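Let's take a walk through this one together, chain by chain. Have the sequence and the 3D view open as you read.

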Amino acid sequence: MYSFILSLLPNRSDAEDVLQETNLILCQKSKEYKADGNFRSWAFNIARYQVLAHLTKRRRSKVCFSNELVEVLADEELDTKQHHLAQRALQICYGLLPEHMRNIAHMRFKEDAQLKEISIAMKRPIGAISATLFRIRQNLIQCVRQKIPELEAKADF
Amino acid sequence: MKTFPENKELLKLTSKMLDNVISDEEHERLIGFLTSSPSNRRDYLDMILLESSLHWEPSHVDLLDFQENKPDIINFPFLTWIGSAAAVVIALFGVLWSFTAFQEQEENFSDSDMQPKNLTSYAFEQTFSETTSKFNYKSKPKLAGEPFLYPREFVQRHAQRGIDILLNNNRLAEGGIFKFHGLVKCWNRKSTLFKPAENGILPASGSHMIGFEKMLIDVEGQYARTEETVQVLDVRDALKHSSPGKSRIFAAVKFNQSYGDSQAGAEFGITLKALKENGSSNEKQLAKIERNLSIDRDPSTWNSLTSELEIPKDTEFIVVSLSARKHGPDALLANTCSYYSDDLELFLSFDDQSVIGPI
């Protein structure tokens with residue numbers, strides 16, 4: 001759910017706010033859900049409307065998409081079939097990051113530090129931190145892509 | 001995660017957006033990428049999934065985090081050069097001692113230490129010792145969630161070795177016994193797994209029983225498992241003379257465990273796999289059956305389990321493996337007990353008439 005919302009509202013704090021609101025509504029409307037229905041579609045639909053409502057009410061971040069782009073992105077299906085394998089692969093790949101990258105990854109992803117805070121802690125310019133985070137994400141995606149077929153093969157035998 | 005974004009700029013812009021350092025002009029370019037192509041949108045969503053996994057599911061990342069506190073450096077207050085020289089001498093003696101002490105130890109388990117390596121060349125390499133024919137679990141990886149893949153990996157390696165031995169008719173291969181049973185050749189590892197009575201467990205029959213290695217425990221997933229490939233059968237010649245669909249393998253085995261701190265008995269299993277080794281040396285699994293049994297905690301009783309598998313027409317090899325596992329909080333105490341198997345018997349029937357066994 002968070003992935004879905006983050007893809008439409010690429011600002012973490014906004015995405016977390018909307019996630020909270022969506023979860024509240026899901027609880028409130030739980031009696032309306034039909035047991036034989038598609039929970040994912042139902043829940044994601046509610047999340048989509050919450051994202052649009054949030055965009056209408058508050059555009060505090062400059063990083064936001066138009067309603068039309070949100071609709072287009074929301075129609076794309078998140079590939080979660082291999083999510084479990086991807087998580088496993090990510091565990092391996094994260095552990096393979098060089099130490100200096102893991103320092104930064106830890107602060108950004110675990111501690112949710114902003115780039116300015118990381119820049120002060122690491123005594124490096126914000127631009128350099130941003131570039132390193134780009135390389136971290138790039139390395140992780142490459143590595144995960146290579147690892148998934150290996151993990152799939154192992155799981156089958 | 002399906003594809004790596006070929007469009008590096010899309011990746012860069014998305015990364016900047018997620019870090020809130022994207023400029024207005026870059027933001028417009030990103031929107032342009034996303035509106036122009038479904039493939040760009042797919043790549044973007046793959047990155048969002050990755051970001052979400054890193055950020056929103058910290059339990060997976062937590063266990064991999066480095067130790068932030070570096071160990072204190074101890075400074076000799078004076079005569080530091082004497083301390084350094086002494087350390088060098090001690091280290092040299094240590095290297096000499098370890099070389100002589102382990103010279104005979106054939107076991108080698110190539111480095112699986114999770115030191116950062118080039119991401120694109122990462123490979124978990126293991127070498128197999130001809131003399132011990134056992135993998136050393138000492139260097140097991142530190143990653144939570146990963147360990148319980150390794151018993152399966154070891155089973156695969158043992159199975160492949162058995163297949164190679166049978167293919168090459170290597171009757172003198174160590175780590176097992178090469179036997180003929182009529183038209184069926186068998187590579188049997190039982191003897192390398194045998195243990196005498198121990199931990200309050202007497203063999204079900206005879207003087208020895210199979211002892212499992214310690215379980216590998218996934219602390220986060222609360223899952224523990226150990227598995228051994230016990231026998232590999234070469235049925236190529238036997239199946240040549242039999243009709244398709246009329247060949248079967250039957251297996252019977254017993255399991256037991258010692259006393260320990262765990263609250264429940266383990267779940268034991270026997271797996272029968274029918275494989276075909278094709279020209280490219282990649283195994284192809286034609287059929288598989290896994291039967292499981294949860295046993296009691298009474299070490300005086302052996303619990304029986306049977307299984308059977310119809311052998312598909314193109315089968316070349318049959319791999320027999322035994323496993324023990326635990327789930328839930330009890331998994332964390334898995335290695336306070338020891339796990340055993342005995343009286344494994346295999347019977348092969350061809351054309352519903354001729355029977356080979358017990359193997």
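How many helices and how many strands are there in chain A? Chain A has eight helices and zero strands. Keep in mind throughout that this is a predicted model.

**Chain A**

Reading from the N terminus, the elements of chain A go α-α-α-α-α-α-α-α. Chain A has 157 residues, and 31% of them count as buried. Take the contacts in chain A between residues at least 6 apart in sequence: 62% of these join residues at least 24 apart.

One helix pair here is worth a look. Helix α2 (residues 12-28) of chain A and helix α3 (residues 39-57) of chain A cross at roughly 130°, and their axes come within 9 Å. Angles over 115 and up to 145 degrees count as oblique, so α2(A) is oblique to α3(A). The crossing of α2(A) past α3(A) is right-handed. On the α2(A) side, the contact is made by A:Asp14, A:Val18, A:Glu21, A:Thr22, A:Ile25 and A:Leu26. Facing them from α3(A) are A:Ala43, A:Ile46, A:Ala47, A:Gln50, A:Val51 and A:His54. Sorted by class, this contact has seven nonpolar, three polar and two charged residues.

**Chain B**

Chain B brings in strands: there are 13 of them, along with eight helices. Of its 359 residues, 35% are buried. Among the chain B contacts between residues at least 6 apart in sequence, 72% join residues at least 24 apart.

Chain B has a helix pair to look at as well. Helix α1 (residues 8-18) of chain B packs on helix α2 (residues 24-36) of chain B at about 125°, with the axes 10 Å apart. That angle makes α1(B) oblique to α2(B), and the crossing is left-handed. From α1(B), the residues making the contact are B:Leu10, B:Leu13, B:Thr14, B:Lys16 and B:Met17. From α2(B), they are B:Glu26, B:Arg29, B:Leu30 and B:Phe33. By class, that gives five nonpolar, one polar and three charged residues.

Here are the two pairs in one place:

| Helix pair | Angle | Axis distance |
|---|---|---|
| α2(A) and α3(A) | roughly 130° | within 9 Å |
| α1(B) and α2(B) | about 125° | 10 Å |

**The cores**

Which residues touch the most other members of the largest nonpolar core? They are B:Val232, B:Val235, B:Ile249, B:Phe317 and B:Ile318, in a core of 53 residues. Zoom in on B:Phe317, leaving aside its neighbours within four places in sequence. B:Phe317 is in contact with B:Ile163, B:Leu166, B:Val232, B:Leu233, B:Asp234, B:Val235, B:Leu275 and B:Glu277. A second, separate core has 45 residues, among them A:Leu6 and A:Leu96 from chain A and B:Ile48 and B:Leu49 from chain B.

**Two strand residues in chain B**

B:Ile217 sits in strand β5 (residues 216-218) of chain B. Is B:Ile217 buried or exposed? B:Ile217 counts as buried, because there are 22 C-beta neighbours inside 10 Å. Its C-alpha atom is 6.9 Å from that of B:Ala331, even though the two residues are 114 residues apart along the chain.

B:Glu308 belongs to strand β10 (residues 303-310) of chain B. With 15 other C-beta atoms within 10 Å, B:Glu308 is partly exposed. Leaving aside neighbours within four places in sequence, B:Glu308 is in contact with B:Arg248, B:Ile249, B:Phe250 and B:Ala251. One of these, B:Ile249, has already come up among the residues that touch the most other members of the largest core. The C-alpha atoms of B:Glu308 and B:Leu348 are 9.6 Å apart, with their positions 40 residues apart along the chain.

**Two loop residues with positive phi**

Most residues other than glycine have a negative phi. A:Asp112 has a positive one, near 60°. A:Asp112 lies in the loop between α6 (99-110) and α7 (115-122) of chain A, and is partly exposed, with 13 C-beta neighbours inside 10 Å.

In chain B, the phi of B:Asn169 is also positive, near 50°. Where does B:Asn169 lie? B:Asn169 is in the loop between α6 (150-167) and β1 (177-181) of chain B. This residue counts as exposed, because it has 11 C-beta neighbours inside 10 Å and the cut-off for exposed is 12 or fewer.

Conventions: Residues are numbered from 1 along each chain as its sequence is written. Chains are lettered from A and ligands numbered from 1 in the order in which they are written. This is a predicted model: local features need pLDDT of at least 70, side-chain atom pairs count only at pLDDT 80 or more; totals for chains, interfaces and linings use all residues. A nonpolar core is a set of buried Ala, Val, Leu, Ile, Met, Phe, Trp, Tyr and Cys residues joined through C-beta atoms within 7 Å. A residue is buried if 20 or more other C-beta atoms lie within 10 Å of its own, exposed if 12 or fewer, and partly exposed in between; C-beta atoms are placed from the backbone. Two residues are in contact if their C-beta atoms, placed from the backbone, lie within 7 Å. Axes are lines fitted to C-alpha atoms, for helices over the stretch in contact, and angles run from 0 to 180 degrees between N-to-C directions. Helices (H or I, at least four residues) and strands (E, at least two) are DSSP runs, numbered from the N terminus. Angles under 35 degrees count as roughly parallel, over 145 as roughly antiparallel, 65 to 115 as roughly perpendicular and the rest as oblique. A crossing is left-handed if the near helix is turned anticlockwise from the far one by less than a right angle, and right-handed if clockwise. Ala, Val, Leu, Ile, Met, Phe, Trp, Tyr, Cys and Pro count as nonpolar, Asp, Glu, Lys and Arg as charged, and the others, Gly among them, as polar.
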